[in-house]
Amino acid sequence: MALIKHAFALTAGLLAFNAQAAASYIPALYNFSVMYDFNPVRGPVKTLTATVKSEAENYTIKVALSPEGCIDEFTRSDVNQYGNAALTRQGNTLAGTLNNSPVKYVFDEKCNIVSMTDQYGTKTFQTNRAGLIEQTTANGQKLSVYRYTDGDSFAGSQYYLNDKVVSYSDVTYADVKNKPLDFKMTTTFGEEYTVNGDSACMYDARKVPVECTIVTKKIHDNQVVEEAHYSARMAVTYY
């Protein structure tokens with residue numbers, strides 16, 4: 001979703017937001033939106049282009065998918081260079097570079113994500129009945145857990161360090177059916193601080209969030225100590 005980690009730039013992990021058009025999510029596309037911070041959309045997506053801007057960031061995501069819902073090509077281009085990625089599908093793997101270092105994602109026969117290997121090691125992913133990431137682990141240690149509503153909208157998450165929760169988030173929607181990316185989100189970092197986010201979007205006829213704005217506020221001791229503004233634009237083609 002756009003502005004997943006970036007909408008909550010202080011969050012240690014990645015979140016995915018709901019973008020409810022017709023049909024269901026393509027699991028591979030949804031899960032990459034979790035990891036690379038852009039809005040997923042439902043339906044038989046062929047290509048997706050997302051541009052995200054804030055006071056500090058400016059990056060573009062481009063994704064091309066096969067008719068079966070596998071990611072054929074993926075790029076992330078950031079003017080600040082950090083987070084840049086260029087990946088190409090080779091059988092059941094999506095391989096290339098991330099931050100100028102080798103990276104490889106492995107998928108099963110249904111294009112559901114299984115693992116990711118980079119210079120830091122291998123992460124494994126547990127997915128739910130819809131193919132959406134439910135838990136991430138590395139070296140036997142739990143890193144993150146994600147929750148979803150009955151309609152597969154993102155509902156919240158927990159992030160772990162040494163088996164202890166270091167942050168957790170909750171999302172609420174005023175009208176998830178008609179405005180699936182209009183939400184309020186609260187992320188809590190122990191007793192240190194909280195980040196509140198408020199998102200509002202414009203939608204096309206398929207309820208694709210073609211343009212969104214998010215305002216985040218970092219709160220410490222009941223005082224706003226930091227505020228950030230994000231904007232995201234989306235263009236999608238379908239099979």
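**Exercise 1.** In this predicted model, determine in which sense strand 8 and strand 9 pair, and over how many bridges.

*Solution.*
Step 1. Locate the strands: strand 8 covers residues 121–127 and strand 9 covers residues 133–138.
Step 2. Read the pairing: the two run in the antiparallel sense, over five bridges. For the register, take F125, whose bridge partner in strand 9 is T136.
Step 3. Examine the connection. Strands 8 and 9 make a hairpin with five residues between them, and G131 in that turn has a positive phi of about 85°.

**Exercise 2.** Find how strand 9 continues to strand 10, and which turn residue has a positive phi.

*Solution.*
Step 1. Strand 10 spans residues 141–148 and pairs with strand 9 in the antiparallel sense, over four bridges.
Step 2. Fix the register with Q135, which stands opposite V145 of strand 10.
Step 3. Two residues separate the strands of this hairpin. The turn residue with a positive phi is N139, at about 55°.

**Exercise 3.** Describe the burial of helix 1 and what the helix gives to the largest nonpolar core.

*Solution.*
Step 1. The protein has one helix, alongside 16 strands. Helix 1 comprises residues 27–36.
Step 2. Apply the cut-off for burial, under 20% relative accessible area. Nine of the ten helix residues are buried; among them are L29, F32, M35 and Y36.
Step 3. Turn to the largest nonpolar core, which has 50 residues. F32, Y36, F38, L48, V63, F74 and Y105 have the most contacts inside it. Helix 1 gives the most to this core, with seven residues.
Step 4. Check one core residue against the helix. Beyond its neighbours within four places in sequence, Y105 is in contact with F32, M35 and Y36, and also with residues including L87, I113 and M116.
Step 5. Look at the end of the helix: D37, just after helix 1, takes a positive phi of about 65°.

**Exercise 4.** Identify the disulfides, the handedness of each and the parts of the chain they join.

*Solution.*
Step 1. Accept cysteine sulfur pairs within 2.5 Å. The count comes to two disulfides.
Step 2. Take C70 and C111, with an S to S distance of 1.6 Å. The torsion about their S-S bond is about 50°, so this disulfide is right-handed. The pair links distant parts of the chain, 41 residues apart: C70 sits in the loop between strands 2 and 3, and C111 in the loop between strands 6 and 7.
Step 3. Take C201 and C212, whose sulfur atoms are 2.1 Å apart. Their torsion is about 110°, so this disulfide is right-handed. C201 lies in strand 14 and C212 in strand 15, so the bond ties together parts eleven residues apart in sequence.
Step 4. Compare relative accessibility with the 20% cut-off. C70 is buried at 6%, C111 at 10%, C201 at 13% and C212 at 3%.
Step 5. With the bonded cysteines numbered in sequence order, the pairing is 1-2, 3-4.

**Exercise 5.** Assess whether the protein is as compact as a globular protein of its length.

*Solution.*
Step 1. For 239 residues the globule rule gives 18 Å, and the radius of gyration is 17 Å. These values are close, so the protein is as compact as a globular protein of that length.
Step 2. Add the extents: the C-alpha trace spans about 50 × 45 × 35 Å along its principal axes.
Step 3. Add burial and surface. Of the residues, 47% count as buried. The protein exposes about 11,500 Å², with carbon and sulfur atoms supplying 49% of that area.
Step 4. Add contact range: among contacts with a separation of 6 or more, 34% involve residues 24 or more positions apart.

Technical notes:
Residues are numbered from 1 along each chain as its sequence is written. This is a predicted model: local features need pLDDT of at least 70, side-chain atom pairs count only at pLDDT 80 or more; totals for chains, interfaces and linings use all residues. Side-chain values use heavy atoms; hydrogens and water are left out. Two strands pair if DSSP finds at least two bridges between them. A nonpolar core is a set of buried Ala, Val, Leu, Ile, Met, Phe, Trp, Tyr and Cys residues joined through side-chain atoms within 4.5 Å. Buried means under 20% relative accessible area, exposed over 50%, partly exposed in between (1.4 Å probe, protein chains only). Contact means heavy atoms within 4.5 Å. The radius of gyration is taken over C-alpha atoms; the globule rule is 2.2 Å times the number of residues to the power 0.38. Accessible areas come from the Shrake-Rupley method with a 1.4 Å probe; for residues, only the protein chains shown count as cover.
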